[in-house]
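The following exercises concern the pockets and the sheet of one protein chain. Please work through each task with the structure at hand before reading its solution.

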Amino acid sequence: MKLYFRPFACSLAARIALIEAELDAELVAVPADGRLPDGRDFREISPMGYVPALETGNGFVLTEGPAVLTYIAELAPEGALSFTGFSNAHYRMLAWLNFTGTELHKSVFTPLLGKTAGPEERAAARARVAKPFGVLAAHLEGRDFLEDRFTVADAYLLTVLNWCETAGVAIADWPVLLAYRTRLRARPTVARAMAEEWPLLKAA
Ligand SMILES: N[C@@H](CCC(=O)N[C@@H](CS)C(=O)NCC(=O)O)C(=O)O
């Protein structure tokens, strides 16, 4: 299995999930020009050019973070990274993955972290953070994780919260979210995943 990633991009969540699940995978860094070490153009694997992309041993290719994370969670020992079966918690976890992807990642952080948005679009993106952060802060008050235990939804949310400083989002204005991020960063699997990517980010 191969995970295509960029350091500290949303693919970090998949790295965390692989470590949590103790699954072996080759981690392939996608260069800025998309030319992979084996000579292929990354868009042959991920037509949008986006990480994460997961390529299984039998040639199955999966893109889109929430799908990649759910796939890894289902390869993990039963119940280790998600909730199995037709349970409310399982569907809530899927809802959190979608919430993070739509209300935060694409709506707020993509315009703030990219180079294409002008001042008006950036101001609008920054204004969109208060509502979802407020919902999350209210939900996480008194809880360690989004649900009763750590799941891939926490891995994704932590990954997105990591971008606050670079994006100019004052996470300290939501102390519950800051405390959640601090707690998760101290989790050994998260700390290991971040330590693996940190030198690559600095070198980029
Ligand atoms: N809808 C995609 C979005 C993934 C995405 O935005 N990936 C970013 C990194 S966080 C990326 O690869 N950007 C490279 C680019 O825009 O060329 C998903 O959920 O996986």
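**Exercise 1: the second largest pocket**

The second largest pocket of this predicted model has a volume of about 160 Å³. Determine which residues line the second largest pocket and how they divide into nonpolar, polar and charged.

Solution. Step one is to list the lining: R6, P7, A9, V30, P31 and A32. Step two is to sort these residues, which gives five nonpolar, no polar and one charged.

**Exercise 2: the largest pocket**

Establish where the largest pocket lies with respect to domain 1 and domain 2.

Solution. Begin with the volume: the largest pocket holds about 1100 Å³ of space. Its lining comprises 39 residues, and A9, C10, H105, L113 and W163 are the closest to the pocket centre. Next, consider the helices: α1 (12-21), α2 (65-75), α3 (88-113) and α9 (188-203) each supply at least two lining residues, and α3 gives the most, with eight. Finally, turn to the domains. Domain 1 (2-80 + 190-203) and domain 2 (88-187) both contribute to the lining; therefore the largest pocket lies between them.

**Exercise 3: the sheet**

State the strand order of the open sheet and identify its edge strands.

Solution. The four strands run in the order β2-β1-β3-β4, with mixed pairing. β2 (26-29) and β4 (61-63) each pair on one side only and are thus the edge strands. On average, neighbouring strands are turned by 20° against each other, direction ignored. Helix α2 packs on this sheet, where it touches β3 (53-55) and β4, and its direction makes about 125° with that of β4. As a check on one pair, β1 (residues 2-5) joins β2 in the parallel sense over four bridges; L3 has L27 of β2 as its bridge partner.

How values were computed
Residues are numbered from 1 along each chain as its sequence is written. This is a predicted model: local features need pLDDT of at least 70, side-chain atom pairs count only at pLDDT 80 or more; totals for chains, interfaces and linings use all residues. Side-chain values use heavy atoms; hydrogens and water are left out. On a 1 Å grid over the protein atoms alone, a cavity is a set of points where a 1.4 Å probe fits but cannot get out, and a pocket is an open set with protein on both sides within 12 Å along at least five of seven lines; lining residues have an atom within 4 Å of a point. Grid points are joined across faces, edges and corners, and a volume is the space filled by probe spheres set on the points. Domain bounds come from an automatic or database domain assignment. Ala, Val, Leu, Ile, Met, Phe, Trp, Tyr, Cys and Pro count as nonpolar, Asp, Glu, Lys and Arg as charged, and the others, Gly among them, as polar. Two strands pair if DSSP finds at least two bridges between them. Axes are lines fitted to C-alpha atoms, for helices over the stretch in contact, and angles run from 0 to 180 degrees between N-to-C directions. Contact means heavy atoms within 4.5 Å.
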